[in-house]
Amino acid sequence: AIAAIISRRNQILKIDETQDTNEEQANLNKQLLDGTYDVQQVGDDRHAIYHTNNPRKPGADIPEGPTLSMHRSFRLSPSIARLELHTWTDLIPEDLLGIPERDECQHTVFVFSRDTIDQVLPSFAELAAKELGRSTKDGVKAVGANTKPKQEENKFPSAVTDYWSQYQAPQQQKKRQITCLTGALAQAQTELETTGSTGEARNTLLRACAQLLQSQGVTKDDRPFTPSSLVRYLRDEHPETHQELLEFLADTFRKTNNEPLDPNATGRALRAVFDPLVDQWDRDALAFCNEQTEDIQPEARVTTHAPNVFHHETPHGPVDVTIGTIHSVKGQTLKATLVLETCNYGNDLKELAEHGPLIGKSPSKAGTRFTEHLRRVFVAMTRPTSLLCLAVLDEHLTDDQRTALQELGWTITNL
């Protein structure tokens, strides 16, 4: 019945990111659709960086047909496209073309030592500010791996935390205690930017609401609220407050997309939502909402930057560099990207330089692990429109490799 309804309503099935379609997903599509539809598949096997417990057979059981190759990238500048051609050796110049309208920047390889790794992010931020000008408050990211096999734990650099110890993996962020409304708003805004969805951001703000109510002794059967239990409680026992909370969340997300939020005003609005549940707000509530009173001095108020954002003041203006994994930026379009050398069954950029592709030579190595390095680096390097940078440990580049990188068009900056 479901298949019949879907087939009547849809004449065309478009499958994006086909390279990530596993056999189970393809078979489900086949069962839901009776075969009387046209299929359009869009994908690139060079972007297949996800693992699955099922055999991944791109496009399995999906009808095949004529293939149209799309050579023009509407994301990359011409110079970034040329650098990409050398990274994936089965490409020829006509296979990947940028668009002339993109800004051309000084694509740079930062070569650091064990003692200067802490200079990588500031140097990238300063270059981004110089090259991109004032448009550096968003769209600037540094990416790498953050997991590694146990036998590689002592290798260096192993993870993004080697570059910036304050980095927190998403699962760590979810477990983190929310200590103030400012922190909750910053975390929610980052989640909106990174996922493009309000789901995680909504839960973050609901957790802040639950913590605010708990500080005032408002619980359900003496148990603190969770985001879902808070919504159920309000919906069942305080429907008007539930409706006001939904309007508060919608208004907060709407403002977040357009302007920085004022924590004081947002705190007052949030307290107004829950006024029917609280007899009198005490000092703890005001402190949580970062509101200044005679008893709470300005220096006691909490300010914070969004999680996993490296903020740096440069001579050209402030720059926010978001730190993340390569998987987290797949599909995104950025202004500037820094690919951090990290370790997952070997140091990725070292492997690609040592065995050819990064320096424009045919690969002297094959195998699953090497191909995974190649794909992850290719995905990371195809994110930016204007500025592309790499960070490589000095011990992992020979003089000949540095010369080859310069001949390809990279600028070498020693830190």
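Q: Accessible areas here come from the Shrake-Rupley method with a 1.4 Å probe. With that in hand, what share of the chain's accessible surface belongs to carbon and sulfur atoms?
A: A friendly word first: this is a predicted model. The accessible surface of the chain comes to about 21,700 Å². The part of that surface belonging to carbon and sulfur atoms is 46%.

Q: What percentage of the residues count as buried?
A: Let's start with the overall make-up: the chain has 14 helices and nine strands. A residue counts as buried when its relative accessible area is under 20%. Among the 415 residues of the chain, the share that meets this cut-off is 48%.

Q: Among contacts between residues at least 6 apart in sequence, what percentage join residues at least 24 apart?
A: A contact here means heavy atoms within 4.5 Å. Taking the contacts in the chain between residues at least 6 apart in sequence, the portion that links residues at least 24 apart is 74%.

Q: Which residues of helix α14 are exposed?
A: Helix α14 covers residues 399-408, and its buried residues are Q401, R402, A404 and L405. Viewed down the axis of α14, these buried residues fall within an arc of 160°, so they line one face of the helix. An α-helix has 3.6 residues a turn, so residues three or four places apart point the same way. On the other side of α14, the exposed residues are D399, D400 and E407.

Q: What elements are included in the cover over the buried residues of α14?
A: The residues to be covered are Q401, R402, A404 and L405, the buried ones of α14. Their cover includes strands as well as a helix: β3 (108-112), β9 (411-414) and α12.

Q: Is Q401 buried or exposed, and which residues does Q401 contact beyond its neighbours within four places in sequence?
A: Q401 lies in helix α14. Since buried means under 20% relative accessible area, Q401 is buried because its value is 11%. Setting aside neighbours within four places in sequence, the contacts of Q401 are A353, E354, I359 and H396.

Q: Which residue just after α14 takes a positive phi, and of about what value?
A: Positive phi values turn up at two places worth a look. One is Y345, which has a positive phi of about 60° although it is not a glycine; Y345 sits in the loop between β7 (334-340) and α12 (348-354) and is partly exposed, with a relative accessible area of 37%. The one just after α14 is G409, with a phi of about 120°.

Q: Which two residues are joined by a cis peptide bond, and what is omega there?
A: The place to look is the loop between β4 (140-144) and α5 (170-175), where P157 is found. The cis bond joins F156 and P157, and omega is about -10°.

Q: How far apart in space are the C-alpha atoms of I117 and D162?
A: I117 is found in the loop between β3 and α4 (120-132), and I117 is buried, with a relative accessible area of 8%. Not counting residues up to four places away in sequence, I117 touches F112, F156, P157, D162 and Y163. I117 and D162 are 45 residues apart along the chain, yet their C-alpha atoms are separated by 7.8 Å.

Q: What is the C-alpha to C-alpha separation of N146 and V160?
A: N146 is in the loop between β4 and α5. Beyond residues up to four places away in sequence, N146 touches A159, V160, T161, Y167, A169 and T325. N146 and V160 are 14 residues apart in sequence, and in space their separation is 5.7 Å.

Q: Which residues does T198 contact beyond its neighbours within four places in sequence?
A: T198 is in the loop between α6 (181-195) and α7 (199-215), and T198 counts as partly exposed at 39% relative accessibility. L249 is 51 residues from T198 in sequence and 9.8 Å away in space, C-alpha to C-alpha. The contacts of T198 are L192 and F253.

Q: How many nonpolar, polar and charged residues are in the lining of the largest cavity?
A: The structure holds one cavity of 30 Å³ or more, and about 40 Å³ of space lies in the largest cavity. Its lining is made of G144, A145, I326, T342, C343, N344, G346, D348, H373 and R376. By class, the count is three nonpolar, five polar and two charged.

Terms used
Residues numbered from 1 in each chain as written. Predicted model: local features only at pLDDT ≥ 70, side-chain atom pairs only at ≥ 80, totals over all residues. Heavy atoms only, no water. Helix = DSSP H or I, 4+ residues; strand = E, 2+ residues; numbered from the N terminus. Buried < 20%, exposed > 50% of the residue type's maximum accessible area, 1.4 Å probe, protein only. Arc of directions from axis to C-beta. 1 Å grid on protein atoms, 1.4 Å probe; cavity = no way out; pocket = protein on both sides within 12 Å on 5 of 7 lines; lining within 4 Å. Points joined across faces, edges and corners; volume = space filled by probe spheres on them. Nonpolar A, V, L, I, M, F, W, Y, C, P; charged D, E, K, R; others polar.
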